[in-house]
Amino acid sequence: MHEPLAADDPLTRTALDLLRVIHGRPSHDEPALVRDLTLGQVRLLILLRREGPQPMGRIADVFDLSSTSSTGFVARVERHGLVSRRHRSDDRRVVECVLTEAGQELVDAWTGVRIDVIRQGLAALLNGLAEKGLLETTAVMVTGEFGRTPKINTRSAEGGRDHYPRCMF
């Protein structure tokens, strides 16, 4: 069993430097609305940006919500003017959630900020590891918190694996 790292350990200091870079960004670097959205709402916007309009039932499945809860969840984002709901043209019984132009612009702006933060943070981490002589003996892994289910979705014509928001928890 390894002993816990001391606060003055070079690797701990480097990790703390990375966190300072990421968390030390001024809040004015983010669009104001991003600061007002929950993580779930941001995930919804990213899902719609990546995969296009989604039926409300799919949103309920992806976010593990009841149909009633998913309606309220989407309505809160809709009030910001970032998404809208509409009936599908090929089946009026199906209501789908669509990213508005304002929502698309917000996600594009936010994604640019996020990528910039990740690049700066990784550069700080790798430079710190190199300066401390730890780069050759340290594995660095970058991952997201939003994974895929282990099961293939057979209910959809496209198939594939669904989003699984609890994979990292």
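Student: Of the contacts in the protein chain with a separation of 6 or more, how many are between residues 24 or more positions apart?

Tutor: Those pairs account for 51% of them. Keep in mind that we're looking at a predicted model.

Student: Okay, and what's the line-up of elements in the protein chain?

Tutor: There are six helices and five strands. Reading from the N terminus, the order is α-α-α-β-α-α-β-β-α-β-β.

Student: What percentage of the 169 residues is buried?

Tutor: Buried residues come to 29% of the chain. The exposed surface is about 11,200 Å², and carbon and sulfur atoms supply 54% of that.

Student: Let's go inside. How many residues are in the largest nonpolar core, and which have the most contacts there?

Tutor: That core has 20 residues. The ones with the most contacts inside it are Leu44, Leu45, Ile59, Phe63, Val74, Val83 and Cys97. As for elements, α3 (39–51), α4 (56–62), α5 (67–78), β3 (95–99) and α6 (101–131) each give two or more residues to the core.

Student: Which element gives the most to it?

Tutor: That's α3, with six residues.

Student: Tell me about α3, then. Which residues are buried in it?

Tutor: Gly40, Gln41, Val42, Arg43, Leu44, Leu45, Ile46, Leu47 and Leu48 are buried in α3. The helix has 13 residues, which should span 18 Å at 1.5 Å a residue, and its end C-alpha atoms are indeed 18 Å apart.

Student: And α5, how far does it reach from its first C-alpha to its last?

Tutor: α5 reaches 16 Å with its twelve residues, close to the 16 Å expected. Its buried residues are Ser70, Phe73, Val74, Ala75 and Val77.

Student: What covers the buried residues of α5?

Tutor: The cover includes α3, α4, β2 (83–87) and β3.

Student: Sticking with α3 and α5, at what angle do they pack?

Tutor: The angle is about 80 degrees, and the axes are 10 Å apart. Anything from 65 to 115 degrees counts as roughly perpendicular, so α3 and α5 are roughly perpendicular to each other.

Student: Which residues in α3 and α5 meet?

Tutor: From α3 you have Gly40, Gln41, Leu44 and Leu45, and they meet Phe73, Val74, Arg76 and Val77 of α5. Val74 also turned up among the core residues with the most contacts, as did Leu44 and Leu45.

Student: While we're on α5, is threonine 68 buried or exposed?

Tutor: Threonine 68, which lies in helix α5, is exposed, with a relative accessible area of 65%. Its C-alpha is 9.9 Å from that of methionine 56, a residue twelve positions away in sequence.

Student: Switching to backbone stuff. What's the phi of aspartate 64?

Tutor: Aspartate 64 has a positive phi of about 55 degrees, although it isn't a glycine. Most residues other than glycine have a negative phi. Aspartate 64 is in the loop between α4 and α5, and its relative accessible area of 46% makes it partly exposed.

Student: And what phi does glycine 52 take, just after α3?

Tutor: Glycine 52 has a positive phi of about 80 degrees.

Student: Next topic: glutamate 96. Where is it, and is it buried or exposed?

Tutor: Glutamate 96 sits in strand β3. Its relative accessibility is 9%, so it counts as buried; the cut-off is 20%.

Student: Leaving aside neighbours within four places in sequence, what is glutamate 96 in contact with?

Tutor: Glutamate 96 is in contact with Pro53, Gln54, Pro55, Met56, Ser84, Arg85, Arg86 and Arg88. Another pairing is glutamate 96 with arginine 58: they're 38 residues apart in sequence, with 9.0 Å between their C-alpha atoms.

Student: Proline 53 is on that contact list. Where is the place of proline 53?

Tutor: Proline 53 is in the loop between α3 and β1 (54–55). With 36% relative accessibility, proline 53 counts as partly exposed.

Student: Which residues is proline 53 in contact with, neighbours within four places aside?

Tutor: Leu48, Arg86, Glu96, Cys97 and Val98. The C-alpha atoms of proline 53 and arginine 85 are separated by 9.1 Å, and the two residues are 32 apart along the chain.

Technical notes:
Residues are numbered from 1 along each chain as its sequence is written. This is a predicted model: local features need pLDDT of at least 70, side-chain atom pairs count only at pLDDT 80 or more; totals for chains, interfaces and linings use all residues. Side-chain values use heavy atoms; hydrogens and water are left out. A nonpolar core is a set of buried Ala, Val, Leu, Ile, Met, Phe, Trp, Tyr and Cys residues joined through side-chain atoms within 4.5 Å. Buried means under 20% relative accessible area, exposed over 50%, partly exposed in between (1.4 Å probe, protein chains only). Helices (H or I, at least four residues) and strands (E, at least two) are DSSP runs, numbered from the N terminus. Contact means heavy atoms within 4.5 Å. Accessible areas come from the Shrake-Rupley method with a 1.4 Å probe; for residues, only the protein chains shown count as cover. The expected span of a helix is 1.5 Å times one less than its number of residues. Axes are lines fitted to C-alpha atoms, for helices over the stretch in contact, and angles run from 0 to 180 degrees between N-to-C directions. Angles under 35 degrees count as roughly parallel, over 145 as roughly antiparallel, 65 to 115 as roughly perpendicular and the rest as oblique.
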